[in-house]
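Q: Please take a close look at one part of this structure, its salt bridges, and describe the surroundings in which the paired residues sit.
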Amino acid sequence: MKLKTILNIFTYLFFVNTITTAQKEYKKQKPIIEYTATQQHTVTIYNPDSLSFAATPKNIILFIGDGMGLSQVFAGLTANGGNLNLLNMTHIGFSRTQSADSFVTDSGAGGTAIATGHKTNNGTIGLDRNNVIVPNMVEIAELHQKATGLVATSSITHATPASFIAHQESRKQDEDIAADFLKTDVDVFIGGGSDFFMKRDDHRNLVQELKDKNYQVAFSMDEAELITNGKLAVFTAENHNPDYTKRGNMLEEATSKAITVLKNHEGAGFFLMVEGSQIDWGGHANDVGYICGEVLDLDKAIGQALKFA
């Protein structure tokens, strides 16, 4: 038998064996990754036909599930027995928030696109792709005499909440972002990150500066329990808050508290952004339990907003 023929037979056998191995490989059992909700939360589904609305909305509450796509929503839906407060939303659409310099987008560019309507480069906060300041929703709402608020389960200086209040070239500039809070009239903000206001390289004490601007400052939701009006800053952690298994009902309580304070503001209503920050972190960790728990935590906060609405 000629060498060429032998090589051809060997190549054929190797090719067939590779295909067979590949076909068997996809059926190979892998470790099961699962999540079971220890306690499903109650959901109220509202009949839109029984509700009436004004021609123009007075109050706007924007929920952002960072890193939450259709897969994450459906995982949460399944874990909660097929019910989510999110199902009350009657309109569904897509927005193109990818960054100006990359198809894979980070929260700085994505948050800025949502908050300002301008695409920007990855890592950028409140600036367009040419590093020009663009107004965000908090600033625009204030121009229309609306009260404003921010809530997050991350540090309040993290990329998404920062996009609604700050203007910095990098999302990593937490101390500069914290200083930008003092340049606004935001009425309520609740989240982690007290170290960026108090333990700073420039030795400024932004907490004292907030108090000088008539903010009531608390360092837990319990401390803020009796506050129902005026300006309010609540720091729930020195940096980021812990995950949903350790922080309790912080997001639900913070959402309710922000609404309570903002609705008592004399003016033309309010704008509030609430972020479930850590759904994204569960995705980065490829941790389905982390994802589901954070999605359900955000959905409980949505339930609070729906009760108010």
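A: A residue is called buried here when its relative accessible area is under 20%, exposed when that area is over 50%, and partly exposed in between. With a relative accessibility of 58%, K199 therefore counts as exposed. The model is a predicted one, and 9 salt bridges are counted in it.

K199 has D195 as a salt-bridge partner, with 3.9 Å between the closest N and O atoms; D195, at a relative accessible area of 22%, is partly exposed.

A second pair consists of R247 and E294, whose closest N and O atoms are 2.5 Å apart. Because R247 belongs to the loop between β5 and α9, while E294 belongs to helix α11 (residues 288–308), this salt bridge ties together parts that are 47 residues apart in sequence. R247 is buried at 11% relative accessibility, and E294 is buried as well, with a relative accessible area of 1%. Salt bridges with shared partners join R247, E294 and D297 into one network.

Q278 brings a polar side chain to these residues, since R247 and E294 are among its contacts, as are T153, N241, P242, D243 and Y290. Q278 is found in the loop between β6 (270–276) and α10 (279–284), and its relative accessibility of 1% makes it buried. A polar atom of the Q278 side chain lies 3.0 Å from the backbone oxygen of N241.

The third pair leads to the sheet: the side chains of K231 and D187 form a salt bridge with an N to O distance of 3.4 Å. K231 is part of strand β5 and D187 of the loop between α6 (174–181) and β3, so parts 44 residues apart in sequence are tied together. D187 is buried, at 9% relative accessibility.

Strand β3 (residues 188–192) has 5 of its 5 residues buried, so the rest of the structure largely encloses it. It runs parallel to strand β5 (residues 231–237), to which 5 bridges join it, with G192 opposite A237. Strand β2 (residues 147–155) also pairs with β3 in the parallel sense, over 4 bridges, and here G149 stands opposite V188.

These strands belong to an open sheet of 6 strands with parallel pairing, ordered β1-β6-β2-β3-β5-β4. Its edge strands, β1 (60–65) and β4 (215–218), each pair on one side only, and from one strand to the next the twist averages 10°. Helix α9 (residues 250–263) packs on this sheet, where it touches β1, β2, β3, β5 and β6, and its direction makes about 175° with that of β6.

Key
Residues are numbered from 1 along each chain as its sequence is written. This is a predicted model: local features need pLDDT of at least 70, side-chain atom pairs count only at pLDDT 80 or more; totals for chains, interfaces and linings use all residues. Side-chain values use heavy atoms; hydrogens and water are left out. Helices (H or I, at least four residues) and strands (E, at least two) are DSSP runs, numbered from the N terminus. Buried means under 20% relative accessible area, exposed over 50%, partly exposed in between (1.4 Å probe, protein chains only). A polar contact is a pair of N or O atoms within 3.5 Å; within protein, one must be able to donate a hydrogen and the other to accept it, and residues adjacent in sequence count only if both atoms are side-chain atoms. Contact means heavy atoms within 4.5 Å. Two strands pair if DSSP finds at least two bridges between them. Axes are lines fitted to C-alpha atoms, for helices over the stretch in contact, and angles run from 0 to 180 degrees between N-to-C directions. A salt bridge is a side-chain nitrogen of Lys or Arg within 4 Å of a carboxyl oxygen of Asp or Glu. Lists of a residue's contacts leave out its neighbours within four places in sequence.
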